[in-house]
Amino acid sequence: MYRGALPAEEAVEGAQVRSVRLDGGGSDETAARSQGLATVVLCVVAAWLVPGLGHWLLGRRGKALLYFVLLTFTFLCGMWLADFRNVRTDDDFWLYFVGESFLGGLAFPALWLTKGLELVRSQPRLDVGLLFSTVAGILNVCVMVDVYETACPRAAPAATPDGESIA
Amino acid sequence: MNVQTVELVEHVALYFLLALLVSVTYHGLRREDVGDIVRTGIKRGLLFGLVSLFVFGVGGYLLAQWL
């Protein structure tokens, strides 16, 4: 079901309920709104650290597992294809690392763990591996945006007394 | 199969795999039901892979003949 098809009031109310749960079960609506920003930032950072963790914290367990499996598989598949030599910052690799770094929980440990590996022989699938791991990182940007959109659903455009939309 | 054919098949398979992974992730951004996300993502990813393979494959072949 498209999220856009949900009534805006219902979606916003759902986000506030989730915020209350995440912030320790408080019942005051004002408290939930004031802590909303911290919750959103926490979820987006969690999504950067581990793909799907942001959705998990927001209660979207199915999507969380799906994103975790998809993005982790894509990144690790890229590393395997490139013989674990695709996450590096030397020479021309730094631009690819910018893309990979959006998958922080995987890219930075991989950079540290594989820093001793040299390109001592030709890697026939190095380009393919770079593509896979960089695409995984860039897809995680989309996932982080989805976490933000789930936590802060956009309100419906305001309507005039005649019932027409201003926007 | 010779070496070139094996490499071609391998690259096409990897291309389809990447198209499917991106498609499923992309369609998850606008949906909530996981089953729906996977079904739609695979369906459209396969369609995109086939169409783009045809366009770039046939187009590349014709371009190579012309050049």
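Reader: What makes up the contact between chain A and chain B?
Author: In this predicted model, 23 residues from chain A and 18 residues from chain B take part in the contact. A residue counts here when its heavy atoms lie within 4.5 Å of the other chain. The area buried between the two chains is about 1900 Å², and carbon and sulfur atoms give 68% of that area.

Reader: How many residue pairs are in polar contact between chain A and chain B, and which helices of chain A supply the side that touches chain B?
Author: Six residue pairs are in polar contact between chain A and chain B. On the side of chain A that touches chain B, helix H5 (61-81) and helix H8 (126-151) each supply at least two residues. H5(A) gives the largest share, 10 residues. By class, this side of chain A has 16 nonpolar, two polar and five charged residues.

Reader: How do you know that A:Lys63 and B:Glu32 meet in a salt bridge?
Author: The rule asks for a side-chain nitrogen of Lys or Arg within 4 Å of a carboxyl oxygen of Asp or Glu. For A:Lys63 and B:Glu32 the N to O value is 4.0 Å, and the pair is accepted as a salt bridge. A:Lys63 lies in helix H5 of chain A and B:Glu32 in the loop between helix H1 (3-28) and helix H2 (34-66) of chain B, so the pair joins two chains. Across the interface of chain A and chain B, the rule finds three salt bridges, while a search of the whole structure finds seven over all chains.

Reader: Why is B:Glu32 called partly exposed, and A:Lys63 buried?
Author: Buried means under 20% relative accessible area, exposed means over 50%, and partly exposed lies in between. B:Glu32 has 23% relative accessibility, so B:Glu32 counts as partly exposed. A:Lys63 has 2%, so A:Lys63 counts as buried.

Reader: What makes A:Asp146 and A:Lys63 a salt bridge, and where in the chain does each residue lie?
Author: The closest N and O atoms of A:Asp146 and A:Lys63 are 3.0 Å apart, and the cut-off is 4 Å, so the pair qualifies. The pair links distant parts of the chain, with A:Asp146 in helix H8 and A:Lys63 in helix H5 of chain A, 83 residues apart. A:Asp146 has a relative accessible area of 3% and is therefore buried.

Reader: Which residues are linked with A:Lys63 in a network of salt bridges?
Author: The network of salt bridges links A:Lys63 with A:Arg60, A:Asp146 and B:Glu32.

Reader: What makes B:Asp36 and B:Arg31 a salt bridge, and are these residues buried or exposed?
Author: Their closest N and O atoms are 3.3 Å apart, and the rule accepts values within 4 Å, so the pair qualifies. Both B:Asp36 and B:Arg31 are buried.

Reader: How do you know that the span of H5(A) is close to the expected value?
Author: H5(A) has 21 residues and reaches 30 Å from its first C-alpha to its last, close to the 30 Å expected at 1.5 Å a residue. H5(A) is followed by A:Asp83, whose phi is positive, near 60°.

Reader: How many helices and strands are there in chain A, and how much of the chain do buried residues make up?
Author: Chain A has eight helices and zero strands. Buried residues make up 40% of its 167 residues. Among the contacts in chain A with a separation of 6 or more, 66% are between residues 24 or more positions apart.

Key:
Residues numbered from 1 in each chain as written. Chains lettered and ligands numbered in written order. Predicted model: local features only at pLDDT ≥ 70, side-chain atom pairs only at ≥ 80, totals over all residues. Heavy atoms only, no water. Buried area = accessible area lost by both parts, 1.4 Å probe. Polar contact = N/O pair within 3.5 Å; in protein donor to acceptor, adjacent residues only side chain to side chain. Helix = DSSP H or I, 4+ residues; strand = E, 2+ residues; numbered from the N terminus. Nonpolar A, V, L, I, M, F, W, Y, C, P; charged D, E, K, R; others polar. Expected span 1.5 Å × (residues − 1). Buried < 20%, exposed > 50% of the residue type's maximum accessible area, 1.4 Å probe, protein only.
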